[in-house]
Amino acid sequence: MTSGRSFYITTPIYYPSDLPHIGHGYTTVAVDTLARWHRQAGDDTWMLTGTDEHGQKMLRAAAANGVTPQEWVDKLVTESWFPLLETLDVANDDFIRTTQPRHEERVQEFVKALFDRGYIYAGEYEALYCVGCEEFKPEAEIVDGTGPFEGLKVCAIHSKPLELLQEKNYFFKLSEFQDRLLELYKTEPDFVRPESARNEVVSFVRSGLKDLSISRSAFDWGITVPWDPSHVIYVWVDALLNYATAVGYGNDPEQFARRWPAFHVVGKDILRFHAVIWPAMLMAAGLDVPRGVFAHGWLLVGGEKMSKSKLTGIAPTEITDVFGSDAYRFYFLSAIAFGQDGSFSWEDLSARYQAELANGFGNLASRTVAMISKYFDGVVPQAGPSTELDLAIQKVVADAATTADAAIERFRIDEAIAAIWTIVDALNGYITENEPWALAKDEAQRERLGTVLYTAAEGLRALAVLLSPVMPESTAKLWVALGAEEGLGALAAQPIREAGAWGVLRPGATVTALTPLFPRVEQA
Ligand code: MSP
């Protein structure tokens, strides 16, 4: 069931030498949630993630571990990066590794095409390089070292000494694209989002672009430059091309035409690569630029950008082992405004788990199902005439569904969840106000009791549909418990843009016992 509207979305491809931490997990679950939403809306959806396996950083890590770089990345990808997707319940359509032949061959073709079109030339280069960033650093990101690095120039991001590199390099004529890029940001104001990211990119490009060194000859862990085997292609050029090679650039024109162009979601640390260099490369090759680049903020731990090198890294399993993958997804996607930095703390995670998931959503589900079991022998009752209170719930559901879909279009997952949560809050208030347990004591109120419990169950039906991209596991459990599967089919097949319609759940459906969706956790 597809509408034909193509929706292709990517995560950055991760360096496998870092073990996955909650920052990587954050990007990945955000992209997965957006993809699931669009898939459930019937869009022709494709979600890509993968690993960035070449470059000096990888080569050094492999050497330090006494294995070949290929052995090193194979081990990490298999032992750490594939399992991350399971841990976080990610439904990616493809996983690209830059060491795969499907990628390497097409990268060579692409670079050759740029060379043939006159956008690449040979030159001399001398500059300070940061292996952590895999980047020659601009002035603004070079600072004086302190402590053990006193007297040295260090990278502002990694606080590690920079290396002076002097090489013959091939250059990409990035400087020629300044005007076309500025024109792109002007005519497509949503090309870079959010606004703060867009402003940063525009002022960076306005200040002038230098040509980009796109090859290295000092080491060989990379893709060979096709016309000069003494060079390998710069790891960022190699990496950015994954988004095109994975969907058939150069070998499957049909697939490429169907998927391309993509939306890219990236951390703000790698925004310029995606919003400046990448579209310029595509323009040079005569291909369409991406549909958009969305930059999210950093996860901060103790006020600092969380990172493995600064020993603030937290493995996603530390959270999922205790709270489960749904809570992980919900927490990061709802607690942080998508596009801004957000602080992680265990206290905040536990508090939100308890208040919003266990007491808010989970309890609403449990008690609704339990009351239908108790008062109607487990059969979803028919609703009688609606009162103001019932109509108010119907309106909250309809509005929440519309608002959430509009928020997802703007990539604001946090706003979508906030809109959906108005249903949870309204239904909890509705149950308190209508006191079904009191209605149940009075036979004359039987019809009213049916209306109240139908309203609660139908509200939960809408919640299951709307929350399934965020929390696929618990909503699937709820779907089954509501007896919805039989009459309506699988949860993932429910059209999400119609989730706000009323009266979808069929009276007569049989509910089944629901174990707590978000059980109490033992605090360490
Ligand atoms: N390999 C490059 C990307 C190439 S894309 C063509 C790279 N990899 S990385 O492993 O360092 O991962 C970068 C991404 O991980 C960031 O863009 C961001 O999405 C995510 N994060 C890493 N640390 C993070 C935080 N502390 N907070 C939020 N996201 C973080 O760069």
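Here are four short exercises, each with a worked solution, on a predicted model of a protein with a ligand.

**Exercise 1. The six-stranded sheet**

Work out which strands stand at the edges of the open sheet of six strands, and what that leaves each of them without.

*Solution.* Start with the order of the strands, which is β3-β2-β1-β14-β15-β9, with parallel pairing. Now look at the two ends of that order: β3 (94–97) and β9 (192–193) each have a single partner strand, so one side of each is left without a neighbour in the sheet. Next, step inside the sheet and pick one pair. Strand β14 (residues 263–267) runs parallel to strand β15 (residues 292–296), and five bridges join them. One of the residues to find here is Phe263, whose bridge partner in β15 is Gly292.

**Exercise 2. A closer look at Phe263**

Decide whether Phe263 is buried or exposed, then list its contacts beyond the neighbours within four places in sequence.

*Solution.* First place the residue: Phe263 lies in strand β14. Then take its relative accessible area, which is 10%. The cut-off for buried is under 20%, so Phe263 counts as buried. Now for the contacts. With neighbours up to four places away set aside, Phe263 touches Phe7, Tyr8, Ile9, Thr10, Arg193, Arg291, Gly292 and Phe411. Finally, try a distance across the fold: Thr11 is 252 residues from Phe263 in sequence, yet their C-alpha atoms are 9.2 Å apart in space.

**Exercise 3. Pairing in two other places**

Find the partners of strand β13, then the order of the open sheet of three strands.

*Solution.* Begin with β13 (residues 228–233). Strand β11 (residues 215–216) pairs with it in the antiparallel sense over two bridges, and Arg216 stands opposite Val232. Strand β12 (residues 224–225) is also antiparallel to β13, again with two bridges. Here Val225 has Asp228 as its bridge partner. Follow the chain from β12 to β13 and you will see a hairpin with two residues between the strands.

Now turn to the three-stranded sheet. Its order is β17-β16-β18 and its pairing is mixed. The edge strands are β17 (304–305) and β18 (342–344), each pairing on one side only. Strand β16 (residues 299–301) runs antiparallel to β17, joined by two bridges. In one of the pairs, Leu300 is matched with Lys305.

**Exercise 4. Cores and ligand**

Find which helix gives the most residues to the largest nonpolar core, and then which residues come nearest to the ligand.

*Solution.* The largest nonpolar core has 101 residues, and Ile9, Phe332, Phe361 and Leu463 touch the most other members. Helix α17 (residues 446–467) is the top contributor, giving 13 residues. Apart from this core lies another, of 77 residues, including Ile13 and Leu241.

Ile13 leads us on to the ligand. There are 23 residues around the ligand, and the nearest are Ile13, Thr27, Asp52, Leu299 and Met306. Check the polar contacts one by one:

- A backbone N or O atom of Ile13 is 2.8 Å from a ligand nitrogen atom.
- A backbone N or O atom of Tyr15 is 3.0 Å from a ligand oxygen atom.
- A polar side-chain atom of Asp269 is 3.3 Å from a ligand oxygen atom.

As a last step, consider the cover: the ligand on its own has 670 Å² of accessible area, and the protein covers 96% of it. The elements giving two or more residues to the surrounding shell are β1 (6–14), α1 (22–40) and α7 (235–240).

Conventions:
Residues are numbered from 1 along each chain as its sequence is written. This is a predicted model: local features need pLDDT of at least 70, side-chain atom pairs count only at pLDDT 80 or more; totals for chains, interfaces and linings use all residues. Side-chain values use heavy atoms; hydrogens and water are left out. Two strands pair if DSSP finds at least two bridges between them. Helices (H or I, at least four residues) and strands (E, at least two) are DSSP runs, numbered from the N terminus. A nonpolar core is a set of buried Ala, Val, Leu, Ile, Met, Phe, Trp, Tyr and Cys residues joined through side-chain atoms within 4.5 Å. Buried means under 20% relative accessible area, exposed over 50%, partly exposed in between (1.4 Å probe, protein chains only). A residue is near a molecule or strand if one of its heavy atoms lies within 4 Å of it. A polar contact is a pair of N or O atoms within 3.5 Å; within protein, one must be able to donate a hydrogen and the other to accept it, and residues adjacent in sequence count only if both atoms are side-chain atoms. Accessible areas come from the Shrake-Rupley method with a 1.4 Å probe; for residues, only the protein chains shown count as cover. Contact means heavy atoms within 4.5 Å.
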